[in-house]
Amino acid sequence: MTAVDNASASTPSSSSSPSPSASGAPSSAFAVRSGGARQLAGTGVLLRFALRRDRVMVPVWVAVTGLMVLSMPNSLRSLYGTAAERADLMRQMTTNSSLRALVGPVFDDSLGALTAWRVGVYAGALAAAMSLLVVIRHTRDEEESGRLEVVASGMVGRRAPLTAALLMAAVANGALGLLVAAGLAGQGAAGALAFGLGIAGVGMVFATTAAVVAQLTESARLARGLTAGVLGAAFVLRAAGDASANEGSSFLTWLSPLGWLENERSFADERWWVLLLFAGAALAQGVVAYGLAGRRDVGMSFLPTRPGPATGRLATAGALAWRLQRGSALGWSIGFFLAGLVYGGLTEGAADLVADNEGARQIFERMGGQSGLTDAFLASMISMLGLIAALYIVSAVLRLHGEETSGRAEPLLANAVGRLRWAAGHLAVAFAGSVWIMLLAGLGFALGYGKEFGPILGACLVQVAGVWVIGGVAVLVHGVAPRAAMAAWGLAGAVLLIGWIGPALDAPQAVLDLSPFGHLPKLPGGDMEWGPVLTLIGLAVALVAAGLAGLRRRDVVMS
Amino acid sequence: MTKANPAIEVSGLHKSFGRTHALAGLDLTVASGEVHGFLGPNGAGKSTAIRVLLGLLRADAGVTRILGRDPWKDAVEVHRRIAYVPGDVTLWRNLSGGEVIDLYGRLRGGLDAGRRADLIERFELDPTKKGRTYSKGNRQKVALVAAFASDVDLLILDEPTSGLDPLMEEVFQHCVREERDRGRTVLLSSHILSEVEELCDRVSIIRKGVTVESGSLADLRHLTRTAVAAELASPPGDLARLPGVHDLDVQGNRVRLQVDTDKLDAVLRSLTESGVRSLASTPPTLEELFLRHYQDDQDDAASRSPERTAVR
């Protein structure tokens, strides 16, 4: 009997049709009392279910991240065509702490090593983001919505949902690692394998981080926020560590999984043992997550919910919107201020280095758009934060969608709250909030850089025009085609990619023009052009108006 | 029975979602000051109808007047005088029940603080708990307290007691009666027939998006059959010829039959002619009434429809 149980649980394919004994009599002499296969019963079914639910998101994510990596050797070849140029680049990189902080140290001047250097941190971060979204989506999200309760009441082991989520993350990261390894094999098979494994390793470390965090909070949103915070910290630690060490990496870098990826030295005499760090960290976090998952009640968490006030002061839909969004607005505010501070502080040194290299200068000039190098650097960093602010505005606008599909908007709108008034609260947080976080980023940049307060703040505010257009599209989609509201994320992601790797790939202007950010004046340093800025703001206003008109005319989406 | 200004007046309401015809010509009239039961099997369109009444969904065709206004055009004005309790209450995870009650109250016509305190006590609700820490029943209590404590004219309750225990069900019924005594109108969608029987002045039954029956419970009872079992002194006369007799079963002097309740008199007269030794007559239950309406039985529907028009 036990043998059958073990077999059915340990091979996912057969557990989809569980043998009757899997529900086994507790009195059975052979019954496994705790742990073991019984706790994993149903994992196979859940994994297949997860594969089906993620059949769009994961392949797209893997493809985009993979293509970003695989396109890099060609674009590097066009920038640094000769071995001498590449050697030159490498020499400069090792002597400039600011640029090292930005993109990490270079370990070899081959195209493969430069690719790993240029995109490693970003590819790792994208794998980490994918993993955390996947794991939270299949664990805490399911619990918060109450769907897991029904699943857990079936023939599903206590630890099966978590196992299935981690397996799903493993499948996604494995696919990404394989794609990278196969695609870069031409640059050296060993390096390609190491790099692919490293990216997948970063993904799995953050998958298990998410698995731990999912046990701690009752809210999936908070769990995502906290894990993203850990990812941000890993990013900063890697940067700080690389900036502070002249040779190799400081211990700060070694605290960050993204630093491990870098120190794996793919294509540069690979240190295979670094892969053990990924495995060890994933294993350790996995053990913690499993321990916590086995110990707590379904739907509950280790951070208990404190009781609230017996009477409330909320009196308007707007106040409610602010109350619901203030937490994430605060998180974004802190993040943007710190990012501004860090990159502002790096500006001077980074610009020095870039001045020496024609190719790197061209990239920055294309991103930043003018020749004064500190300005070009500032402009490119500010525009990067502008692109990230587009993610904020989409998440804030789509709160409307979340409120609607969860059924919370329905009773609210059955009160004396017009739809426009209801939407206005959330849109105020979204649109004013994006101005606010860009202002804070500007403040951080100016403080970190120590001068040019006015131009920097102005440059940050100009980004808002592009951010608002993305927000406007989100409002429009939500208002007109609510079932497709999530497509707004796709748009924000596309804009992010165009702005992020478009200049490095020397993409044609027609592609860059697709993004509203491509039309913004390059500030600071360039000339302020009111025309495009005002046009974009006008476009954003029109999009919002059209979206709200749609919202007024359509049915409220029922849960 | 209907007063001059009905609280809710719906006629010929149509609403489709893609190919699904959720409402196919629904009629509903709720008089001011009455408690109106709104019944129908799952998927009959009750919640869709309620959402149209609230202006959350836009009707494809038909007339909807609620408190004398169009709920789609004048949603905000209408909602000021309405309290709504959805069948599935979802709360915000980081707001306490008390905060939600107060928010809803302020977003309607206002909240009676004394009544709020009283209701919280009667429903034994802990207003300091947050969001998901409430059970289904307790989430419903939050919405019910907010509704009953609000200063409104019309309450629309969509299966409001599906998660309440019998004690709380009692409290709920008491609250609805208080509302009626205060002159408020209540539209109560429910599957709990005892609750409907206890509370409602009139009921409307819908099926597949159409109103199939509407009237007082006494009216509706009239439409059902009474089961009669009798032992007679001699074999009965030709009962089968009497109108409204069904399922006749004669075994010597024993008779079992079903008879449309409004035709009962003729049957009893015929039975007494044969000398009644014993007689058991089972009055129609509400359950039977509803089951007959809920059952998707073509023959049944066909055989009943002429009677229904006759009564109307």
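The exercises below, each with a worked solution, concern a predicted model with two chains, A and B.

**Exercise 1. Compare the make-up of the chains: how many helices and strands are there in chain A, and how many in chain B?**

Start with chain A, where there are 25 helices and zero strands. Then turn to chain B, in which 11 helices are found together with 13 strands. As a further step, consider burial: of the 559 residues of chain A, 54% count as buried, while in chain B buried residues make up 44% of 312. Finally, look at how the contacts with a separation of 6 or more are distributed along the sequence: residues 24 or more positions apart account for 74% of them in chain A and for 71% of them in chain B.

**Exercise 2. Describe the domains: which domains does the assignment give for chain B, and which for chain A?**

For chain B, the assignment gives domain 1, covering 8–215, and domain 2, covering 225–283. The C-alpha centres of these two domains of chain B lie 44 Å apart, and the C-alpha trace of the whole chain spans about 75 × 40 × 35 Å along its principal axes. For chain A, the assignment gives domain 1 in two segments, 2–18 and 29–40, followed by domain 2 (43–302) and domain 3 (315–559). Between domain 2 and domain 3 of chain A, the distance from one C-alpha centre to the other is 25 Å.

**Exercise 3. Examine where the chains meet: how many residues does each chain bring to the contact?**

Chain A brings 28 residues to the contact and chain B brings 32. On the side of chain A that touches chain B, the helices α16 (317–356) and α20 (409–413) each supply at least two residues. When the residues of that side of chain A are sorted by type, they divide into 14 nonpolar, 10 polar and four charged.

**Exercise 4. Work out the order of the strands in the open sheet of three strands in chain B, and explain why one side of β2 and of β4 is left without a neighbour.**

The order in chain B is β2-β1-β4, and the pairing is antiparallel. From this order, the next step follows: β2 (20–30) and β4 (61–66) of chain B stand at the edges with a single partner strand each, so one side of each has no neighbour in the sheet. From one strand to the next, the twist averages 25°.

Now take the pairings one at a time. Strand β1 of chain B, residues 8–17, is joined to β4(B) by five bridges; within β4(B), Thr64(B) stands opposite Val10(B), and Ala61(B) stands opposite His14(B). Eight bridges join β1(B) to β2(B), again in an antiparallel arrangement, and here the bridge partner of Ile8(B) is Val30(B). The hairpin of β1(B) and β2(B) has two residues between the strands, and in it Gly18(B) takes a positive phi near 60°.

**Exercise 5. Explore the nonpolar cores: which residues touch the most other members of the largest core?**

The largest nonpolar core has 245 residues, and those that touch the most other members are Val135(A), Ile393(A) and Val145(B). Helix α7 of chain A, residues 111–138, gives the most to this core, with 18 residues. To see one of these residues in its surroundings, set aside the neighbours of Ile393(A) within four places in sequence; Ile393(A) is then in contact with Ala430(A), Ser434(A), Val467(A), Ile470(A), Gly471(A) and Ala474(A). There is also a second, separate core of seven residues, among them Val228(B), Ala230(B), Val255(B) and Leu257(B).

**Exercise 6. Locate the backbone features in the loops: where is Asp269(A), and is Asp269(A) buried or exposed?**

Asp269(A) has a positive phi of about 60° although it is not a glycine, and its place is in the loop between α14 (257–263) and α15 (274–295) of chain A. To judge its exposure, count the other C-beta atoms within 10 Å: there are 11 for Asp269(A), and a residue with 12 or fewer is exposed, so Asp269(A) is exposed.

The reasoning can be repeated for Glu124(B), which is not a glycine either and has a positive phi of about 50°. Glu124(B) lies in the loop between α4 (113–122) and α5 (136–149) of chain B, and with 12 other C-beta atoms within 10 Å Glu124(B) is exposed.

A last feature is the peptide bond from Leu523(A) to Pro524(A), which is cis, with omega near -5°; Pro524(A) belongs to the loop between α24 (509–512) and α25 (530–553) of chain A.

Conventions: Residues numbered from 1 in each chain as written. Chains lettered and ligands numbered in written order. Predicted model: local features only at pLDDT ≥ 70, side-chain atom pairs only at ≥ 80, totals over all residues. Helix = DSSP H or I, 4+ residues; strand = E, 2+ residues; numbered from the N terminus. Buried ≥ 20, exposed ≤ 12 C-beta atoms within 10 Å, placed from the backbone. Contact = placed C-beta atoms within 7 Å. Domains from an automatic or database assignment. Nonpolar A, V, L, I, M, F, W, Y, C, P; charged D, E, K, R; others polar. Pairing = 2+ DSSP bridges. Axes fitted to C-alpha atoms, helices over the stretch in contact; angles between N-to-C directions. Core = buried A, V, L, I, M, F, W, Y, C linked by C-beta atoms within 7 Å.
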